Protein chains: 4
Amino acid sequence: MAGSIFGKQFSISTWGESHGKAIGAVVDGCPAGILLENEDIQKLLDRRKPGVSPFATPRKEEDIVDILSGTFEGKTTGTPISMLIKNRDQRSEDYDRESYRPGHADYTYDLKYGFRDYRGAGRSSGRETAARVAGGAVAKKFLAVLGVDVRAYTYSIGNVAVTNPDFSITNHLNMPDETAYNQAAQLAEQAKQAEDSLGGEIMCEIFNIPAGIGEPVFSKLEAIIAQAVLSIGAVKGIAFGAGFDAAKMNGSKHNDIMYMPACRTGRENGAVKKRSNNAGGVYGGISDGSTIFFKAAVKPTSSIGQTQDTINNRHENIKLTISGRHDPLIVPRAVVVVEAMAALSIADLILQGLSANVETVKRAFFR
Amino acid sequence: MAGSIFGKQFSISTWGESHGKAIGAVVDGCPAGILLENEDIQKLLDRRKPGVSPFATPRKEEDIVDILSGTFEGKTTGTPISMLIKNRDQRSEDYDRESYRPGHADYTYDLKYGFRDYRGAGRSSGRETAARVAGGAVAKKFLAVLGVDVRAYTYSIGNVAVTNPDFSITNHLNMPDETAYNQAAQLAEQAKQAEDSLGGEIMCEIFNIPAGIGEPVFSKLEAIIAQAVLSIGAVKGIAFGAGFDAAKMNGSKHNDIMYMPACRTGRENGAVKKRSNNAGGVYGGISDGSTIFFKAAVKPTSSIGQTQDTINNRHENIKLTISGRHDPLIVPRAVVVVEAMAALSIADLILQGLSANVETVKRAFFR
Amino acid sequence: MAGSIFGKQFSISTWGESHGKAIGAVVDGCPAGILLENEDIQKLLDRRKPGVSPFATPRKEEDIVDILSGTFEGKTTGTPISMLIKNRDQRSEDYDRESYRPGHADYTYDLKYGFRDYRGAGRSSGRETAARVAGGAVAKKFLAVLGVDVRAYTYSIGNVAVTNPDFSITNHLNMPDETAYNQAAQLAEQAKQAEDSLGGEIMCEIFNIPAGIGEPVFSKLEAIIAQAVLSIGAVKGIAFGAGFDAAKMNGSKHNDIMYMPACRTGRENGAVKKRSNNAGGVYGGISDGSTIFFKAAVKPTSSIGQTQDTINNRHENIKLTISGRHDPLIVPRAVVVVEAMAALSIADLILQGLSANVETVKRAFFR
Amino acid sequence: MAGSIFGKQFSISTWGESHGKAIGAVVDGCPAGILLENEDIQKLLDRRKPGVSPFATPRKEEDIVDILSGTFEGKTTGTPISMLIKNRDQRSEDYDRESYRPGHADYTYDLKYGFRDYRGAGRSSGRETAARVAGGAVAKKFLAVLGVDVRAYTYSIGNVAVTNPDFSITNHLNMPDETAYNQAAQLAEQAKQAEDSLGGEIMCEIFNIPAGIGEPVFSKLEAIIAQAVLSIGAVKGIAFGAGFDAAKMNGSKHNDIMYMPACRTGRENGAVKKRSNNAGGVYGGISDGSTIFFKAAVKPTSSIGQTQDTINNRHENIKLTISGRHDPLIVPRAVVVVEAMAALSIADLILQGLSANVETVKRAFFR
């Protein structure tokens, strides 16, 4: 499918280049009967919008979404939901067709396709992620009906990390920790002055997901989310639960011990508890009913103001100064993209899982 | 597809439980005309075999593979390649049907499916990975025709890591570094004595892959490998190139600078060079012709000899002592599984990529 | 995927309802480097357009297509090609929300989804096929590069069939036979006067397709085209080559005998010939290099002007007079839809087939 | 996927050649908790078995199935069900590697793959359908839990057709009509004497399927079944309901009129009735709750005893006498294959349809 479709039962396909007429997403397989209006999508898109933070590109992308199909009288109809976002404020003169920008996909696209839409990275632009956010908004509306919630935030910028997240705190960096925010803001300001950029980590948590979600073997919950999140251009790593630290633990330490609170032993007496959640809520690729969480590593923005060495498409050594408007750090804007991809993954796995056992199938079938 | 099929053009499906009659894999989409014999598969399977190392379970799994279809007169025919591995030396009395072993999928399978094959983890057993290795062996044979090679090794055990890999070194831990091996072997011995287990990291490198492999957006090369590798039961994280360290770098440091060696400027004069490979050989999800590499985090073996607290399927608190034969560390045996999954991913992306541009299509088409 | 995506390597997804804001198609997997302009699409769309023939609905659907992505400087870029067709001239007052129109999907949609967009059949409207034609136009451009052509025509209307097709003949019924056209036009006029409708058959031929296209077993060439063509709302049957007549033949009659023309025996001396083509150019699901052909049965238009008995959504017996503007016969407009679906099927199978043998793969790979 | 996998949620993959070690099927996505034993599969396989009828090949294929995975204590576990059928009584000396048999896929396989397993048609052999029947048996067990039944029979042989099917009648031709059977048996005997073969039609009915099954647009119920049934080697056509006769009807005749029996008007008062079922139980690709039925056209067996003209792989004209043991008519044995493919299609569409509306999803989800 050439890579622009994700998901089997709840699927998203995205299309569009950064400097074409528009970008968009089509969600297929969303169940009928879910309330969905433009503003549900817009709210999430606004969280990705540039031009509002001192640490983001001053480029104006209004990103107004329009639902073109798949809803009727305010509800999803079960048919494909097509969402369109027109491109505006394009300055294609900022881009040159010859130079291969360091850290970008200019060179690899030329080699794969023979040529490329060189205006603003075209299809490989971060702009493509707006379409994912639109699709993720639909997934989040569906998950909300089931009580499932997905929430991501900036976990670290450079070497400054959140220690105690407090979600009442809001700021331009989406970093729910006052101290960390202040330090990170300073780092960001320095990077901006130096015409350089910063990377960081995004933490994502999935709340209230019931046990039993995720398909064994190749579609394990971690595997599907890993594909989803590593498909975001700037993400270079992912780790669930204790993640890479797990590699340094003993089994006796890492194993999450399940127990029944003293007064509640027995199957009818309520929820199983765990002494730890090193696995991040997933065993054998299937959720156990506790919170799922993972961290994603985001590389520093490739486009920086400094003059850099590189080559051009004639394979000559050149000096390149990228004159466009760029984000010194992409992490705060990528938070909602990670959230969207996690929501899309979970929505799909929930629908795939409806057929896991014949009792569930019968319950759904005999209406 | 309920998760047991991976790949679109070059696909593998696996089946089988650890204590059923057999396990197996079916590879569909392997091009016709590739030399393939049982021993090509067997060689890779033997690298996964338990019972040979002092650090692995003494359980005997002979894992003799039999190709049942898809080859004729020693060559692949383009039709599905079915491979069967009979199960032997099963001691199902080692397993109990009631207890939920910590760190295992017993609990989640019961909740998803209503019941489970409780003998030796059934479908969620590490034994399932033997079928992946069989499929990976076919992928490696195909890649060999194109000159592409995939090689994985034990990068770290606990907190002991390889510093300068020397591939002439072979040992039970698949750790190509004498000093690291000695330290890690000691750690492993200690864990074994303590009836505990260890985790570690696996490094995987893909050599001689041409530029242009990987599909943009959702099927980026990193995304597909991430799904493949995170679908291995014990793997909890993956990172490409500089990985999580990238999150702490500046863009000016992280960007890989391309250049032409002084004497070779110009398109006809040979290979583009890079000053670094922080991206791990992938930009915009597409290979650039340099070596692709990633690290996978492997959690410590969940089955340990120590008595542990847990619950049973009546939701009662119990003490559990697992009496089976288990690996104090799984990393050395998982190396070839990671290699297999990477090979399967690359084989599939190469075939998917044949249609990227119309010139390639014409070259293939007009024969 | 909820059914709105077709194809694996060359795929189309369609979206949109007859009376929503727009309809559209996204083609993913089209190779880069193919010339493609709006008018290439428009030309095919115009062949489907209503309002031009005396035998079609006078409803005006301008169906102006706009390519929003996937092309650059007049050529495909290998990225998704999004095409948009705005809906105009919608008179939703023509439709009522309660009645179940005979022969339509009103009842089945209500039962499947719980409610429906009742305006003009919504997603189940024939209007959805305009998006397929747009996608088919892209497929035809790709096929043209390879020299492959797909052509469909009206084979019969009611009981009047073409005997000797002459493609220099053009008429409102797309029926390339003067005598048959005159008779059929009369039938059509009668049906129109009687506020009734007519069905018919469409013949489709695929020319210049090389041997070797089609995947064995479940993706046989006939199987994929059958899915594609039976997915058109009004089509109720398909038959390849001798089709249902084959069921009445002896094997000695049906078998297509291959031979070498007298002067050309031997592999280097040119094309294999056949004494007949009862198989319609496909053996074992794979093309043999001769013309592929099939017939599709099209039911009479369900919407007729006569008052009909039916029920409403309260399950009451009612009389229904459908007041909208409808086609007395849909066959002539469906011709291009069949052609589009056949082109999409063949384009996908050609791309899938690039990996059939390792020599082809090597030829494509080592560029 | 190279064509050997069918289905999205309930999928089957088949593998194996007629003269290799074995053939088999893997069913993935079958819900857990369904009773399934070897004999459930065997019963269906025996209906396909050759060597029992005077009109079928005397070749002995015992076709003993062995379930290797996916069941535990007599029930499906939700994991892949692998079924193996060993090949026996292979006489590969009956086959030659050079000649292209008329009506067979020898020539097309050679052109597609470069060479082929020439023993007994290899992968393109009708023997592959035994694996489908095994998969279909699993689908039928699942459908039985939901009360859905699929039944096929020989509708016609040559020009002799069933007029009033009486299912208490059983015979070697699976033709539930005494008169028709007697005539057809005579035809078959004549064909056998003449070393010739016969084709025919198979009727298939799906009973007790609820309304709402089938996905709109490309996965319409007819489209999926059409792919499934046209993927059977000998089938060249399919038609639903009135089929090709619909093409000759007026809309006023073809439209199926729904009504409520006099005493039952109103939604709570029971089943909607129809005056006809020309659509074969499907509208807009979705079932309406009435019986679904279709006819498939089966070409005469390609292998006949008569000496035929053909070419060989050096492109020389030759005379060929096929010496193997063959069926003078394949229709009676293909009946159960059609039934299996229909069952697999319906099982998959039922599972896909579980997510159609959010109320169904909630019912399945909140357990």
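**Figure 1. Strand β3 of chain C is covered on both faces.** On one side of β3(C), the buried residues are Ala22(C), Gly24(C), Val26(C) and Asp28(C). On the other side, Ile23(C), Ala25(C) and Val27(C) are buried. In total, seven of the seven residues of β3(C) are buried, and the strand counts as mostly covered. The model shown here and in the other views is predicted.

**Figure 2. Strand β3 of chain C pairs with β2 and with β7.** Strand β2 (residues 11–16) of chain C runs antiparallel to β3(C), and six bridges link the two. One of the pairs across these strands is Ile12(C) with Val27(C), the latter in β3(C). The two strands make a hairpin, with five residues lying between β2(C) and β3(C). Strand β3 (residues 22–28) is also joined by six bridges to strand β7 (residues 81–86) of chain C, again with antiparallel direction. Here Val26(C) faces Ser82(C), which belongs to β7(C). Val26(C) is one of the buried residues of β3(C).

**Figure 3. Five strands of chain C form an open sheet, and a helix lies across two of its strands.** The strand order is β1-β2-β3-β7-β4 in chain C, and the pairing is antiparallel. At the edges are β1 (5–6) and β4 (65–67) of chain C, each with pairing on one side only. Helix α1 (residues 38–48) of chain C crosses both β4 and β7 of chain C. The helix runs at about 150 degrees to β4(C).

**Figure 4. Arg333 of chain C is buried and has a polar atom 2.7 Å from the backbone of Arg48.** Arg333(C) sits in helix α7 (residues 331–353) of chain C. Its relative accessible area is 9%, so Arg333(C) is classed as buried, the cut-off being under 20%. A polar atom of the Arg333(C) side chain lies 2.7 Å from the backbone oxygen of Arg48(C).

**Figure 5. Strand β8 of chain C pairs with β9 and with β10.** Strand β8 (residues 149–157) of chain C is mostly covered, with seven of its nine residues buried. Eight bridges connect β8(C) to strand β10 (residues 200–207) of chain C in the antiparallel sense. Tyr153(C) has Met203(C) in β10(C) as its bridge partner. Strand β9 (residues 160–161) of chain C is antiparallel to β8(C) and is joined to β8(C) by two bridges. Ile157(C) is partnered by Val160(C), a residue of β9(C). The hairpin of β8(C) and β9(C) has two residues between the strands, and in this hairpin Gly158(C) adopts a positive phi near 55 degrees.

**Figure 6. Every residue of helix α5 of chain C is buried.** Helix α5 (residues 221–230) of chain C has ten of its ten residues buried. These are Leu221(C), Glu222(C), Ala223(C), Ile224(C), Ile225(C), Ala226(C), Gln227(C), Ala228(C), Val229(C) and Leu230(C).

**Figure 7. Chains C and D are related as by a two-fold rotation axis.** A turn of 180 degrees, with a shift of 0.0 Å along the axis, lays chain D on chain C with an RMSD of 0.0 Å. The two copies are therefore related as by a two-fold rotation axis. Within chain D, Gln227(D) has the C-alpha nearest this axis, at 2.4 Å.

**Figure 8. Chains C and D meet through the same surface.** Of the interface residues of chain D, 100% are also interface residues in chain C, so the same surface is used by both copies. The contact takes in 106 residues of chain D and 106 residues of chain C. About 8500 Å² is buried between chain D and chain C, and carbon and sulfur atoms give 59% of this area. Lys112(D), Phe218(D) and Lys236(D) together supply 11% of the area that chain D buries against chain C, more than any other three residues.

**Figure 9. Glu128 of chain B is buried and touches residues of chains A and B.** Glu128(B) belongs to helix α3 (residues 128–145) of chain B. Its relative accessible area is 6%, which makes Glu128(B) buried by the cut-off of under 20%. Leaving aside residues up to four places away in sequence, Glu128(B) touches Val217(A) and Phe218(A) in chain A. In chain B, Glu128(B) touches Thr14(B) and Arg123(B).

How values were computed: Residues are numbered from 1 along each chain as its sequence is written. Chains are lettered from A and ligands numbered from 1 in the order in which they are written. This is a predicted model: local features need pLDDT of at least 70, side-chain atom pairs count only at pLDDT 80 or more; totals for chains, interfaces and linings use all residues. Side-chain values use heavy atoms; hydrogens and water are left out. Copies are superposed by least squares on the C-alpha atoms of residues with pLDDT of at least 70 in both. Contact means heavy atoms within 4.5 Å. Two strands pair if DSSP finds at least two bridges between them. Helices (H or I, at least four residues) and strands (E, at least two) are DSSP runs, numbered from the N terminus. Axes are lines fitted to C-alpha atoms, for helices over the stretch in contact, and angles run from 0 to 180 degrees between N-to-C directions. Buried means under 20% relative accessible area, exposed over 50%, partly exposed in between (1.4 Å probe, protein chains only). A polar contact is a pair of N or O atoms within 3.5 Å; within protein, one must be able to donate a hydrogen and the other to accept it, and residues adjacent in sequence count only if both atoms are side-chain atoms. Buried area is the accessible area (1.4 Å probe) that two parts lose on being put together, summed over both.
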